[in-house]
Amino acid sequence: MLAGLVLFQPEGALGWGNEGHIYVNRVAAEKIPASMPRFLRRAVVEIAYLGPEPDRWRSPTEFALKNSQEPDHFIDLERVDWLDPLPRGRYEFYRKLYEKRAATTDHPDDYLPEHVGLQPYITMEVYGRLKAAFREYRKLKSDHQPTASVEQAIIFYAGWMGHYVADGSQPLHTTIRYNGWVGANPNGYTTLHDIHSQFETAYVGANISAKNFAGLVNAPEKLDDPFVRYVAYLRESNGLVEKVYAIEKAGGFREKGSPEAFEFTTHRLAAGSQMLVNLWYTAWLESTAALPVPEHSTPGPLKK
């Protein structure tokens with residue numbers, strides 16, 4: 001039944017589209033190494049199904065849910081090019097944005113967190129949930145206690161995180177030019193509000209499958225600093241925004257598309273799967289109780 005749900009989910013309008021998110025999660029799950037828990041390696045169908053999950057939370061019929069998590073799917077890096085490195089904490093990031101907003105007279109609301117986007121923060125927060133669940137799994141195993149409940153949590157966190165990681169590999173989720181070129185436009189790129197869905201949903205749904213990029217994804221590596229590496233991954237995507245527009249201008253995303261569009265898209269989907277399996281693997285390795293915990297600065301005293 002679950003396999004059927006994966007195959008027949010209705011096409012989404014956001015993210016990579018339903019198919020792209022399923023493919024990124026599926027390929028990453030197929031690359032989980034033997035050194036990680038067997039139950040997770042056997043959960044490919046469940047993890048693939050969860051790829052589009054946060055897009056299922058975007059219906060206007062659940063206003064509070066939709067409203068609260070809309071900024072999790074993107075970050076407009078051009079709006080924070082003055083902020084390097086990005087703060088590691090969500091609320092430190094908020095504070096910097098509000099300080100910038102207070103000092104700005106030209107479109108100050110551009111610096112509201114919900115307008116800038118929170119993509120790296122939700123990703124690292126779900127990563128933390130996954131690592132904590134792995135730690136609990138290790139403890140229960142060592143105590144010879146049942147692990148079925150925590151296994152379900154791990155599968156959910158792994159699949160949930162996959163959505164945001166896949167969003168991060170899509171260049172239009174990292175830019176103010178997310179759906180039509182804005183600003184100076186000497187190359188005459190489209191300003192119509194259809195490039196986003198044309199690229200990530202219509203083109204991918206009609207022309208790409210998981211097998212087209214599975215061979216581009218390697219065995220996972222441990223990330224020395226997941227937050228820093230993830231932000232670098234987002235910046236790499238942002239550097240490819242103009243490439244998306246150039247391919248669109250050449251008609252590359254229409255119908256069967258062009259070889260250039262196929263190569264570009266499969267490599268971006270593969271980048272999402274690679275980062276995702278790297279994060280899963282790192283969370284597993286870092287879930288040991290003996291791992292030292294780095295100190296992070298906080299913006300002020302916490303209130304209960």
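**Helices, core and salt bridges**

Biologist: Which residues in helix 2 are buried?

Modeller: In helix 2 the buried residues are Gly 17, Asn 18, Glu 19, Gly 20, His 21, Ile 22, Tyr 23, Val 24, Asn 25, Val 27, Ala 28 and Ala 29. Please keep in mind as we go on that this is a predicted model.

Biologist: How many of its residues does that make, and is helix 2 mostly covered or mostly open?

Modeller: Helix 2 is mostly covered, since 12 of its 14 residues count as buried because they fall under 20% relative accessible area. The helix runs over residues 17-30 and reaches 20 Å from its first C-alpha to its last, which is close to the 20 Å expected at 1.5 Å a residue.

Biologist: Stepping back, how many helices and strands does the protein have?

Modeller: The protein has 13 helices and zero strands, and read along the sequence it therefore gives a pattern of α after α from start to end. Buried residues make up 50% of its 304 residues, while the surface it exposes comes to about 15,000 Å², with 55% of that supplied by carbon and sulfur atoms.

Biologist: And what share of the contacts is between residues 24 or more positions apart?

Modeller: Among contacts with a separation of 6 or more, residues 24 or more positions apart account for 77%.

Biologist: Back to helices, then: what covers the buried residues of helix 10?

Modeller: The cover includes helix 2, helix 12 (241-249) and helix 13. Helix 10 itself spans residues 195-207, and its buried residues are Ile 195, His 196, Gln 198, Phe 199, Glu 200, Thr 201, Tyr 203, Val 204 and Asn 207.

Biologist: Which residues touch the most other members of the largest nonpolar core?

Modeller: That core has 82 residues, and those touching the most other members are Leu 40, Leu 86, Phe 93, Ile 154, Met 161, Leu 279 and Trp 280. Helix 13 gives the most to this core, contributing 13 residues. As background, nonpolar side chains in soluble globular proteins tend to be buried together.

Biologist: What is Trp 280 in contact with, leaving aside its neighbours in sequence?

Modeller: Once neighbours within four places are set aside, Trp 280 is in contact with Asn 25, Ala 28, Ala 29, Ile 32, Met 36, Ile 47, Leu 130, Phe 134, Ala 158 and Met 161. Three of the names on that list, Asn 25, Ala 28 and Ala 29, appeared earlier among the buried residues of helix 2.

Biologist: New topic: how many salt bridges does the structure hold?

Modeller: It holds 16 salt bridges. Side chains of opposite charge can pair when their charged atoms come close.

Biologist: Which residue forms one with Asp 55?

Modeller: Arg 58 does, with the closest N and O atoms 3.1 Å apart. Arg 58 counts as buried at 12% relative accessibility, and Asp 55 is buried as well, with a relative accessible area of 19%. Both belong to a network of salt bridges that links Asp 55, Arg 58, Lys 66 and Glu 70.

Biologist: And where do Glu 125 and Arg 90 lie?

Modeller: The side chains of Glu 125 and Arg 90 meet in a salt bridge at 2.8 Å, N to O. Glu 125 lies in helix 8 (residues 119-142) and Arg 90 in helix 6 (residues 90-102), so the pair ties together parts that are 35 residues apart in sequence. Glu 125 is partly exposed at 29%, whereas Arg 90 is buried at 15%.

Biologist: Which residue forms a salt bridge with Lys 131?

Modeller: Glu 286 does, the closest N and O atoms being 3.7 Å apart. This pair links distant parts of the chain, because Glu 286 sits in the segment after helix 13 (259-285) and Lys 131 in helix 8, 155 residues apart. Glu 286 counts as buried at 12% relative accessibility, and Lys 131 as partly exposed at 21%.

Biologist: Last topic, the backbone: which residues does a cis peptide bond join?

Modeller: A cis peptide bond joins Asp 84 and Pro 85, with omega about 5°, and Pro 85 lies in the loop between helix 5 (63-69) and helix 6. For context, most peptide bonds are trans, and most residues other than glycine have a negative phi.

Biologist: What is phi of His 107?

Modeller: Phi of His 107 is near 55°, a positive value in a residue other than glycine. His 107 is found in the loop between helix 6 and helix 7 (113-116), and is exposed, with a relative accessible area of 54%. Glu 255 also has a positive phi, near 50°; its place is in the loop between helix 12 and helix 13, and Glu 255 is exposed at 74%.

Notes
Residues are numbered from 1 along each chain as its sequence is written. This is a predicted model: local features need pLDDT of at least 70, side-chain atom pairs count only at pLDDT 80 or more; totals for chains, interfaces and linings use all residues. Side-chain values use heavy atoms; hydrogens and water are left out. A salt bridge is a side-chain nitrogen of Lys or Arg within 4 Å of a carboxyl oxygen of Asp or Glu. Buried means under 20% relative accessible area, exposed over 50%, partly exposed in between (1.4 Å probe, protein chains only). Helices (H or I, at least four residues) and strands (E, at least two) are DSSP runs, numbered from the N terminus. Contact means heavy atoms within 4.5 Å. Accessible areas come from the Shrake-Rupley method with a 1.4 Å probe; for residues, only the protein chains shown count as cover. The expected span of a helix is 1.5 Å times one less than its number of residues. A nonpolar core is a set of buried Ala, Val, Leu, Ile, Met, Phe, Trp, Tyr and Cys residues joined through side-chain atoms within 4.5 Å.
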